[in-house]
Amino acid sequence: MKKTCKAIALLLTLALAAGLFSACAGIDDAANTENGTANATDTFQIGILQLVEHPALDAARDGFIAALNEAGLVFEYDFQNAQGDTQVVNTIAQRFVGNNVDLVLAIATPSIQAMHAATEHIPIVGTAITSYVRAGVVYSNEAPGGNVTGASDMNPIEAQINMVVEFLPEIETLGIVYSTNETNSVYQAEIARGIAESLGLNVVEGTVTTTGDVQQNMLFVANRVDAIFIPTDNTHADAMGIVGSVSIETGVPVFPGEENMVMGGGIATLSVNYFELGKQSGRMAVQILRDGADPATMPIQLAETLNYVVNGFMVEELGLIVPERFADHIS
């Protein structure tokens, strides 16, 4: 009888110890959740909202995913492309909110504006967005103040305009074409205008709202200028074949703000590397998901990697001479 009692007591002691251990583990897990840190086995659900299919935006998306993989994050993602339709952008934003994803990557300004309007709680990381402040999704670059942060593709516009002058030392009039529907483009056009005028250049502007306007607008501007500058504008990026054709037809060189636009029909630029920009945004997402960082206190980052690119085909078609310092960047 004494042996039986001792055995029962031992079993009770072991059971109590196991229960206490389980309770402590639960407390530790709860503490991790409250502190905003994630367990190594967590699988995060990520929504990716991309405005339109384009090499630069695709590269930013790929860079984002690469950064998450490099960090060893366990995640699944729902990739949705709005194909340039703003109504679809809003529908996708609501989809991600309804699915209660852990984080959203918003690619291009209309995407982040739609996500910002759709939720105040889900963390949103942007990429390929020129000005988060002008887009109305953060209070300031230094202290965003809400659920939005990310990496900016703000161009080195002064260097780009100076590049135009290096290629065309006799230039007198610069055309600036952009979409009035894109906040990022309007902002860059304002900066470009100021820089061009400070260099003593006359400026002729031409604006569009859809890709259907591009050809007529390009012809209108090209017949009045010596060269054309296009900022990182999604509407024109989607119509660079038309832009290139008008450039060859009129003999007026085009200097876009991004390397894929250059290779689609432009002459040259100093461009943001969009794959690396996407990786910057991806590393920010890792800080939020794994380390519990707060988007409200994460400053907007500027692009860390820039590349010169020259379109050898278009240079030859227009009979331009490439300044020596850009000769190694001809593609």
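This report describes a predicted model of a protein, moving from the whole chain to single residues.

## Overall picture and confidence

The protein has 331 residues, of which 49% count as buried, and its secondary structure comes to twelve helices and twelve strands. Among the contacts with a separation of 6 or more, 70% are between residues 24 or more positions apart.

The mean pLDDT of the protein is 90, and 88% of its residues reach 70 or more. Over residues 1-37, however, pLDDT stays under 50, and for this stretch the model has nine contacts beyond four places in sequence. Where pLDDT is low, the predicted coordinates should not be read in detail.

## A four-stranded sheet and its helix

One open sheet consists of four strands in the order β7-β6-β8-β9, and their pairing is parallel. Strands β7 (202-208) and β9 (254-256) stand at the edges with a single partner strand each, so one side of each is left without a neighbour in the sheet. On average, and with direction ignored, neighbouring strands of this sheet are turned by 25 degrees against each other.

Within the sheet, strand β6 (residues 173-179) runs parallel to strand β8 (residues 227-230), and three bridges join the two; Gly175 stands opposite Ile228 in β8. Helix α6 (residues 183-198) packs on the sheet, where it touches β6, β7 and β8, and the direction of this helix makes about 170 degrees with that of β6.

## Ser185 in helix α6

Ser185 lies in helix α6 and is buried, with a relative accessible area of 0%. The side chain of Ser185 is joined to that of Asp233 by a polar contact of 2.7 Å. Leaving aside residues up to four places away in sequence, Ser185 touches Tyr178, Ser179, Pro231, Thr232 and Asp233.

## Two nonpolar cores

In soluble globular proteins, nonpolar side chains tend to be buried together. The largest nonpolar core here has 51 residues, and those touching the most other members are Ile46, Phe64, Leu68, Leu103, Ile112 and Tyr132. Several helices and strands give two or more residues to this core, among them β1 (44-50), α2 (55-70), α3 (86-98), β3 (103-107) and α4 (109-118), while α11 gives the most, with seven residues.

Ile112 offers a view of the surroundings of one core member: apart from residues up to four places away in sequence, Ile112 touches Ala106, Ile124, Gly126, Ile129, Tyr132, Val137, Val148 and Thr149. A second, separate core has 27 residues, including Ile157, Leu168, Ala192 and Ala268.

## A buried loop residue and an exposed helix residue

Asn147 belongs to the loop between β4 and β5, and with a relative accessible area of 9% Asn147 is buried, because a residue under 20% counts as such. The side chain of Asn147 reaches the backbone oxygen of Thr119 at 3.1 Å. When residues up to four places away in sequence are not counted, Asn147 touches His116, Thr119, Glu120, His121, Ile122, Pro123, Ile124 and Pro295.

Glu316, in helix α12 (residues 312-318), is exposed, with a relative accessible area of 66%. The C-alpha atoms of Glu316 and Ile267 are separated by 9.8 Å, with the two residues 49 residues apart along the chain.

Key: Residues numbered from 1 in each chain as written. Predicted model: local features only at pLDDT ≥ 70, side-chain atom pairs only at ≥ 80, totals over all residues. Heavy atoms only, no water. Pairing = 2+ DSSP bridges. Axes fitted to C-alpha atoms, helices over the stretch in contact; angles between N-to-C directions. Contact = heavy atoms within 4.5 Å. pLDDT = per-residue confidence, 0-100. Core = buried A, V, L, I, M, F, W, Y, C linked by side-chain atoms within 4.5 Å. Buried < 20%, exposed > 50% of the residue type's maximum accessible area, 1.4 Å probe, protein only. Polar contact = N/O pair within 3.5 Å; in protein donor to acceptor, adjacent residues only side chain to side chain.
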